[in-house]
Amino acid sequence: MLLEPIQYGLGGLSGGLVGFTLGLFGGGGSILAVPLMVYMVGVPNPHLAIGTSAFAVAVNAFANLLGHARFGNVKWRCAGLYSLAGIAGALVGSSIGKMIDGQHLLILFALLMLVVGALMFKRRGAEGDPNAQCSRENAPKVIAFGGLTGAFSGFFGIGGGFLIVPGLITATGMPILSAVGSSLLAVTAFGLTTSLNYAYSGLVDWGLAIVFIGGGVVGGLLGAFAARKLAARKGALNTVFALLIFVVAGYMLSKAFEQLAI
């Protein structure tokens, strides 16, 4: 399915917007990738948008993973175990997602966005144990959480960090910073699994993914710069972003129901 040149330009701009929100708010920006591809870029097939965005999210997560690893924020044993369990879940979830009608999938995606927006209002919990590790005692919980969040991530074609981070904290008791760093390995693994599954069915536009990723790199740098300037207003910014997610979700629901009514 070939897109017009202007659509690739809009893809780069959309990637820039996602990267900017990630850099500014520190998370949640990837949830905007699919609606931007469908409604701004004009990708006609929701499944193509999901498969393409899954690859872009995976690449961006890997880039962020390198930065967190450099600062020692990744607990590799836990991240690896969680990711391996989740890969199987992502494969199952993405296979089911491909069988769902595109407009119905967008409605479910919009409902998911409402949940994400609500979670952004929730304050972080306890600091956690910096020495927490994966062991025989907590391995079953890590594997269970990994499989479930992997399936969820694969079904919707998202990174799923907003689920993976609390999953790692609940299963191991690790601090939030370690959970964020470790989650990026899982986001990378789940995104690649989902995108490769979609690519097998011809549902990834590699050119669009590349320009989206390029725009995301530039946008991320600008967002990180803005975040440093606006650090004192972080709470207010997160509230604004959560409200933006609600607005986009409402728009998606109205458009999807319009398509179903035609």
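This is a short chat about a predicted model of one protein chain.

Biologist: What kind of model are we looking at, predicted or not?
Modeller: It is a predicted model.

Biologist: How many helices and strands does the chain have?
Modeller: Ten helices and zero strands. From the N terminus on, the order reads α-α-α-α-α-α-α-α-α-α.

Biologist: How does the radius of gyration compare with the globule rule?
Modeller: The chain comes out at 17 Å, and the rule gives 18 Å for 262 residues. Those values are close, so the chain is as compact as a globular protein of that length.

Biologist: And what box do the C-alpha atoms fill?
Modeller: Roughly 55 × 40 × 30 Å, taken along the principal axes.

Biologist: What share of the residues is buried?
Modeller: Buried residues make up 50% of the 262.

Biologist: What about contacts between residues at least 6 apart in sequence?
Modeller: Of those, 85% join residues at least 24 apart.

Biologist: Switching to the surface. How much of the chain is accessible, and what share belongs to carbon and sulfur?
Modeller: The accessible surface is about 12,300 Å². Carbon and sulfur atoms account for 70% of that.

Biologist: Let's zoom in on helix α2. Is it mostly covered or mostly open?
Modeller: Mostly covered. Helix α2 spans residues 33-41, and seven of its nine residues are buried.

Biologist: Which ones are buried in α2?
Modeller: Ala33, Val34, Pro35, Leu36, Met37, Val38 and Val41.

Biologist: What comes just after α2?
Modeller: Glycine 42, with a positive phi of about 90°.

Biologist: New topic: charges. How many positive and negative side chains are there?
Modeller: The chain has 14 positive and 7 negative ones. The centres of the two sets lie 12 Å apart.

Biologist: How many salt bridges does the structure hold?
Modeller: One. Glutamate 258 and lysine 255 form it with their side chains, at 4.0 Å from N to O.

Biologist: Why can side chains like that pair?
Modeller: Opposite charges can pair when the charged atoms come close.

Biologist: Where do glutamate 258 and lysine 255 lie?
Modeller: Both are in helix α10, residues 234-261. They are three residues apart, about one turn of the helix.

Biologist: Are those two buried, partly exposed or exposed?
Modeller: Glutamate 258 is partly exposed, with a relative accessible area of 45%. Lysine 255 is partly exposed too, at 26%. Buried means under 20%, so neither residue counts as buried.

Definitions and conventions
Residues are numbered from 1 along each chain as its sequence is written. This is a predicted model: local features need pLDDT of at least 70, side-chain atom pairs count only at pLDDT 80 or more; totals for chains, interfaces and linings use all residues. Side-chain values use heavy atoms; hydrogens and water are left out. Helices (H or I, at least four residues) and strands (E, at least two) are DSSP runs, numbered from the N terminus. The radius of gyration is taken over C-alpha atoms; the globule rule is 2.2 Å times the number of residues to the power 0.38. Buried means under 20% relative accessible area, exposed over 50%, partly exposed in between (1.4 Å probe, protein chains only). Contact means heavy atoms within 4.5 Å. Accessible areas come from the Shrake-Rupley method with a 1.4 Å probe; for residues, only the protein chains shown count as cover. Lys and Arg count as positive and Asp and Glu as negative; His and the chain ends are not counted. The place of a charge is taken as NZ of Lys, CZ of Arg, CG of Asp or CD of Glu.
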